[in-house]
Amino acid sequence: MNLCLYEPEHGFYMKNTPIGREGAFTTSPEISQLFGEMIGLWVIQQWQDLGSPPNFFLLELGPGRGTLMQDLLRVLKGNPSLFQAIRVHLVEISARLEEIQKEYLSEAPITWHHTVEQALGDCQHTPTIIIANEFFDALPIRQFIHQEEQVFEKVVSLDQNQLVFSQVPVTEPKKSPIKGIEEINPLMQVVGLQIANHLKKFTGSCLIIDYGYYETQYRDTFQALYQHSYSNPLEKCGETDLTAHVNFKALANQLGEAGIKELTFMTQKEFLESMGSKVRLAHLLSQESDPEKKKDLCTGYERITEEMGQLFKVLEGKCNPR
Ligand code: SAH
């Protein structure tokens, strides 16, 4: 997964423009402007809860084409004292996407980083608001297959020069209390801990949005997408997007254990509606006279709140000054 996504020359994120019509997949901010706008309102709320500090960092992990940040900054501009306080930092592994982001976000002063660790290292001693949409699902997972008397790790090997899945035993034969496939996301654990420690030290909030589940599921959620259709992950390596559902309970536990006490979990639909998305949609429709554009606004809104609104989940973590 690591090689297929991040290999410097051939990796999926390194050589393609993965998102949008010509890419492998599309995302909520690409579907409706309301998505980024509602996150903008959420950022205003967080800033106020932090006591409206004169400086704060807004850090986005995996900004894609920069659309979410663009929609969000448009909302923040309506609040001049907040807009002056903001320092935007982005974590982006792909040089190609970084270029696109630079083009779209040329108005605001922004600092780019390749890793979360670098970014957090640069966002010290100041409240930090972190957002991540469809970032954690991209991080490479490991799969462990629990059978009655043995646990195996799923691996990729070669059979007559063909890539195939196989499994290798990982422990001495023993009975496992788990049945099914256990997915572990080692980088998510590391990043979760880094975020929690940072927010605890400097205060702030995080908003993590992704497809995933809260109650632990012992099943295979690994998926490959080639040009908007499901495909074989062992074919067209580097052309295919590989992801897995996010285990939000594991992430919430991690944040909680590291001291982030205020954690809220909800669906994307619940989040958007709680920020007033219906009112914003009605306002946009009342301002628009072109019937085609009105229709696009409605279909986009439906897509991000109906099917995607249930599949996608939101984890909010807060650490405010006492
Ligand atoms: N948030 C955007 C894009 C989601 S796609 C949107 O909603 O449209 C995933 C994004 O995370 C891309 O920008 C990708 O290049 C970036 N990314 C994936 N893995 C990464 C990693 N390990 N480190 C930094 N960025 C990563």
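Reader: What makes strand β6 and strand β7 partners, and how many bridges join them?

Author: Good place to start! In this predicted model, 8 bridges join β6, residues 150-159, to β7, residues 162-169. Two strands pair if there are at least two bridges between them, so with 8 bridges β6 and β7 count as paired. They run antiparallel. You can look at one position yourself: Val-155 stands opposite Ser-166 in β7.

Reader: What lies between β6 and β7 in their hairpin?

Author: There are 2 residues between the two strands. In the turn you will find Gln-160, with a positive phi of about 50°.

Reader: Why are β11 and β12 said to stand at the edges?

Author: Begin with the order of the open sheet: its 3 strands run β11-β10-β12, with antiparallel pairing. β11 (229-230) and β12 (241-243) each have a single partner strand, so one side of each is left without a neighbour in the sheet.

Reader: How do you know that β10 and β11 pair?

Author: Count the bridges again. β10, residues 223-226, is joined to β11 by 2 bridges. The rule asks for at least two, so the pair qualifies. Tyr-226, for example, has Ser-229 in β11 as its bridge partner.

Reader: Now the ligand, please. What makes the approach of Tyr-6 to the ligand a polar contact?

Author: Compare the distance with the cut-off. A polar side-chain atom of Tyr-6 lies 2.6 Å from a nitrogen atom of the ligand. The limit for a pair of N or O atoms is 3.5 Å, so this pair counts. A backbone N or O atom of Gly-62 also passes, at 2.7 Å from a ligand nitrogen. For Ile-93, a polar backbone atom is 3.3 Å from a nitrogen atom of the ligand. The protein covers 97% of the 570 Å² of accessible area that the ligand has on its own.

Reader: Which residues are closest to the ligand, and how many surround it?

Author: The ligand is surrounded by 21 residues, and the closest are Tyr-6, Thr-27, Gly-62, Glu-92 and Asn-133. The shell divides into 12 nonpolar, 6 polar and 3 charged residues.

Reader: Which pocket does the ligand take up?

Author: The ligand takes up the space of the largest pocket.

Conventions: Residues are numbered from 1 along each chain as its sequence is written. This is a predicted model: local features need pLDDT of at least 70, side-chain atom pairs count only at pLDDT 80 or more; totals for chains, interfaces and linings use all residues. Side-chain values use heavy atoms; hydrogens and water are left out. A residue is near a molecule or strand if one of its heavy atoms lies within 4 Å of it. A polar contact is a pair of N or O atoms within 3.5 Å; within protein, one must be able to donate a hydrogen and the other to accept it, and residues adjacent in sequence count only if both atoms are side-chain atoms. Accessible areas come from the Shrake-Rupley method with a 1.4 Å probe; for residues, only the protein chains shown count as cover. On a 1 Å grid over the protein atoms alone, a cavity is a set of points where a 1.4 Å probe fits but cannot get out, and a pocket is an open set with protein on both sides within 12 Å along at least five of seven lines; lining residues have an atom within 4 Å of a point. A molecule sits in a cavity or pocket if more than half of its atoms lie within 2 Å of its grid points. Ala, Val, Leu, Ile, Met, Phe, Trp, Tyr, Cys and Pro count as nonpolar, Asp, Glu, Lys and Arg as charged, and the others, Gly among them, as polar. Helices (H or I, at least four residues) and strands (E, at least two) are DSSP runs, numbered from the N terminus.
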